[in-house]
Amino acid sequence: MRLLIIASMTAALALGNGAFATGTHEEDHDEYSLGMAGAKAKAKRTINITMRETNDGKMIFEPKKLQFREGETVVLNFTNKGEADHEFVMDTEANVLAHKVEMEKNPDMEHADDNSLRLAPGETGQIIWTFSKSGDYTFACLIPGHYESGMHGPLKVTKN
Ligand SMILES: [Cu+2]
């Protein structure tokens, strides 16, 4: 029962943020376990991340791995250089995989969470994030089929 209570609290928090889009995640997906949206003024580093398809039928993020230091605020700039929509979401692996199942049931679900974005071909986007807790996390594109085509990688937050 505890899980159900947490899930409804998460939903209430999402509503409070005005971050509710069409389609909702009903499970507790704890999107802030690796930190929180950060302030640009605190960011000392910018990482450029590209999403695209490859000629041999894969879908990739460049770079393939991300690493940050605990407490640092980073500007993540995204460019979709592909011909399909792509998404970026970062979270614990368990939460990413739970999200993946939800996306497969409901492919048009939109995310309005701070830890994710979706870009049309040619579009750019930005997430400014403070990585407040060290650990091993994952980033992925959860548009159905994309994870399996290669769109996921490790995100490590190291202790200072
Ligand atoms: Cu994708």
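How many bridges join β2 to β5, and which way do the two strands run? Seven bridges hold the pair together, and the strands run parallel. The views below take that pairing and its surroundings in turn.

A note before the close-ups: this is a predicted model, where local features need pLDDT of at least 70, side-chain atom pairs count only at pLDDT 80 or more, and totals for chains, interfaces and linings use all residues. Residue numbers start from 1 along each chain as its sequence is written.

**View 1. The whole chain, for orientation.** Two helices and ten strands make up the secondary structure; both kinds of element are DSSP runs numbered from the N terminus, with helices being H or I over at least four residues and strands E over at least two. From the N terminus on, the order reads α-β-β-β-β-β-β-α-β-β-β-β. Mean pLDDT, the predictor's confidence in each residue from 0 to 100, is 84 for the chain, and 79% of residues reach 70 or more. Residues 1–31 sit below 50, and in the model this stretch has 33 contacts beyond near neighbours in sequence. A contact here is two residues whose C-beta atoms, placed from the backbone, lie within 7 Å. Taking contacts with a separation of 6 or more, 82% link residues 24 or more positions apart.

**View 2. The five-stranded sheet.** Read across, this open sheet goes β1-β8-β5-β2-β3, with mixed pairing. Strands count as paired if DSSP finds at least two bridges between them. β1 and β3 are the edge strands, each pairing on one side only. Along the parallel β2–β5 pairing, T50 stands opposite T79 in β5. On to β5 and β8: these are antiparallel over seven bridges, and V74 stands opposite W129 in β8.

**View 3. The β2–β3 hairpin and its turn.** Four bridges pair β2 with β3 in the antiparallel sense. Two spots to look for are R52, whose bridge partner in β3 is I60, and M51, which stands opposite F61 in β3. Five residues lie between the two strands of this hairpin, and G57 in the turn has a positive phi of about 85°. K58 is in the loop between β2 (45–53) and β3. What does K58 touch, leaving aside neighbours within four places in sequence? Its contacts are S149 and G150. G150 is 92 residues away along the chain, yet the C-alpha atoms of K58 and G150 are separated by 6.1 Å. K58 counts as partly exposed because 13 other C-beta atoms lie within 10 Å. The cut-offs, with C-beta atoms placed from the backbone, are 20 or more others within 10 Å for buried, 12 or fewer for exposed, and partly exposed in between.

**View 4. A cis peptide bond after β3.** The bond from E62 to P63 is cis, with omega near 0°. P63 belongs to the loop between β3 (59–62) and β4 (66–69).

**View 5. Helix α2 and its two sides.** Residues 93–105 form this 13-residue helix, which reaches 19 Å from first C-alpha to last, close to the 18 Å expected at 1.5 Å a residue; the expected span is 1.5 Å times one less than the number of residues. Its buried residues are N95, V96, H99 and M103. Seen down the axis, they fall within an arc of 95°, so they line one face of the helix; the arc is that of the directions from the helix axis to the C-beta atoms. This buried set packs against β6 (86–91) and β9 (135–140). On the other side, A94, V101 and K105 are exposed.

**View 6. F88 in the largest nonpolar core.** Such a core is a set of buried Ala, Val, Leu, Ile, Met, Phe, Trp, Tyr and Cys residues joined through C-beta atoms within 7 Å. This one has 29 residues, of which F88, F139, A140 and C141 touch the most other members. Among the elements supplying at least two residues each are β6, α2 and β9. Not counting residues up to four places away, F88 touches I49, M51, F78, S116, L117, F139 and C141.

**View 7. S33 and its distant partner.** S33 is in the loop between α1 (2–16) and β1 (36–37). Not counting residues up to four places away in sequence, S33 touches D91, T92 and K133. S33 and K133 are 100 residues apart in sequence and 7.4 Å apart in space, C-alpha to C-alpha. With 15 C-beta neighbours inside 10 Å, S33 counts as partly exposed.
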